[in-house]
Amino acid sequence: MTTIQQYDYLQAELSTLNKMLTMLPESSLIERMSLEARRNNVEKALASLEGPVRQPARFSLTFRGAPIFGNHGVQADFGGFALKKFADAVRAIGTSQTETLGSRGALPNREEYKLLITGIARGSFGFVIEEPSENYKLTKEFSPLESAIHTTMSILKASVETDEELNEALSESDPRAIKELHDFVRYLADNEAVCTLQSGRDSFSFSDVGQIRQSEKRLSEDNIREEDVTFTGVFLGYLPNKRIFEFRKGDSDEVISGRVDSSIEDAGKINRQLDQRVIIHLLERSVGMSKHHTYTLTGFEFMDGVE
């Protein structure tokens with residue numbers, strides 16, 4: 001029995017015991033003592049479980065357009081393939097938050113980002129999708145899947161906004177993750193379909209096929225420029241939890257910041273060599289006509305020979 005199953009079982013037993021005690025006559029002293037003893041044991045067992053319970057991530061993905069027949073159904077080949085492409089995009093976006101993805105091959109962490117269809121979403125036609133129970137724990141913190149869904153929705157929203165907003169939304173995603181999401185959007189556009197993604201109180205919906213075609217172009221490699229660049233200067237600091245660095249270029253006052261690539265294993269050494277001159281290697285990214293750049297630190301060498 002998983003921890004969450006154990007929690008559910010104990011909660012159900014506690015509810016039953018409380019109901020029995022409420023209905024029990026005051027004169028049934030011995031039976032009451034027995035039930036209260038059982039209730040105390042259940043409460044102790046619940047208290048021994050770690051932390052507060054977080055509900056599993058749950059969201060809906062619905063479709064409108066040519067392959068959808070109102071509230072009645074969706075073409076099976078379209079629905080199945082669209083879900084697969086969406087799952088691949090979410091997995092790639094989630095994994096790229098902690099790992100560097102190769103340009104090809106199977107995506108890692110398949111189990112961590114597994115999706116479970118639990119129902120049919122009405123309104124248009126789609127699916128209710130849930131995080132499998134073995135993938136969440138007794139904690140209030142977001143699971144990797146919840147974070148991936150949140151980032152996916154942020155990118156989709158930004159794909160119909162300004163270049164600066166899209167650039168910022170893409171700043172923590174690996175090029176392959178962006179390609180996987182682009183493939184999902186392109187598949188919808190090619191089939192003259194649009195989608196709505198809803199998670200809790202947050203949602204995003206493409207208004208029509210024209211808008212999703214625009215989004216597909218803006219997420220394409222032709223619109224997202226990436227270049228390897230090298231700067232000399234000094235590190236100003238590193239935030240390990242968010243894997244964010246700050247760097248001052250040359251002798252100027254220009255400061256840049258960005259994400260530290262997961263391929264750099266001991267990024268903590270940055271904080272031990274502050275103000276030491278260093279050569280840094282970056283992946284510089286910009287979107288469309290935006291003059292704003294985002295950076296990912298891919299390597300560095302201190303000029304005194306200490307990496």
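**Figure 1. The buried residues F231 and Y295 in the predicted model.** In this predicted model, F231 and Y295 are both buried. Within the model there are 13 aromatic pairs. One of these is formed by F231 and Y295, whose ring centres lie 6.3 Å apart with 70 degrees between the planes, an edge-to-face arrangement. The pair joins distant parts of the chain, as F231 belongs to strand β8 (residues 224-239) and Y295 to strand β12 (residues 294-302), 64 residues apart. The ring of F231 also has a charged neighbour: the charged end of K249 sits over this ring, 4.0 Å from its centre.

**Figure 2. The aromatic pair of F235 and F245.** Both F235 and F245 are buried. Their ring centres are 6.4 Å apart and their planes stand at 85 degrees; because planes over 60 degrees apart count as edge-to-face, the pair of F235 and F245 is described as edge-to-face. This pair, too, links distant parts of the chain: F235 is found in strand β8 and F245 in strand β9 (residues 244-249), 10 residues apart. Ring pairs further connect F235 and F245 with F247, F300 and F302 in a cluster.

**Figure 3. An open sheet of five strands.** The strands of this open sheet follow the order β4-β5-β1-β6-β7, and their pairing is antiparallel. The edges are occupied by β4 (116-121) and β7 (202-205); each has a single partner strand, so one side of each is left without a neighbour in the sheet. On average, neighbouring strands of the sheet are turned by 20 degrees against each other, direction ignored.

**Figure 4. The pairing of strands β1 and β6.** Within the sheet order, β1 is placed between β5 and β6. Strand β1 (residues 58-65) pairs with strand β6 (residues 193-199) in the antiparallel sense, over six bridges. A view of individual residues shows L61 standing opposite L197, the latter in β6.

**Figure 5. Helices α4 and α6 lying across strands of the sheet.** Helix α4 (residues 144-158) lies across β1, β6 and β7, and runs at about 40 degrees to β7. Helix α6 (residues 175-190) lies across β1 and β6, with a direction at about 135 degrees to β6. Strands β1 and β6 are thus crossed by both helices, and β7, one of the edge strands, is among the strands that helix α4 lies across.

Terms used
Residues numbered from 1 in each chain as written. Predicted model: local features only at pLDDT ≥ 70, side-chain atom pairs only at ≥ 80, totals over all residues. Heavy atoms only, no water. Phe/Tyr/Trp six-rings, centres within 6.5 Å; stacked < 30°, edge-to-face > 60°. Helix = DSSP H or I, 4+ residues; strand = E, 2+ residues; numbered from the N terminus. Buried < 20%, exposed > 50% of the residue type's maximum accessible area, 1.4 Å probe, protein only. Lys NZ or Arg CZ within 6 Å of the ring centre and 35° of its normal. Pairing = 2+ DSSP bridges. Axes fitted to C-alpha atoms, helices over the stretch in contact; angles between N-to-C directions. Contact = heavy atoms within 4.5 Å.
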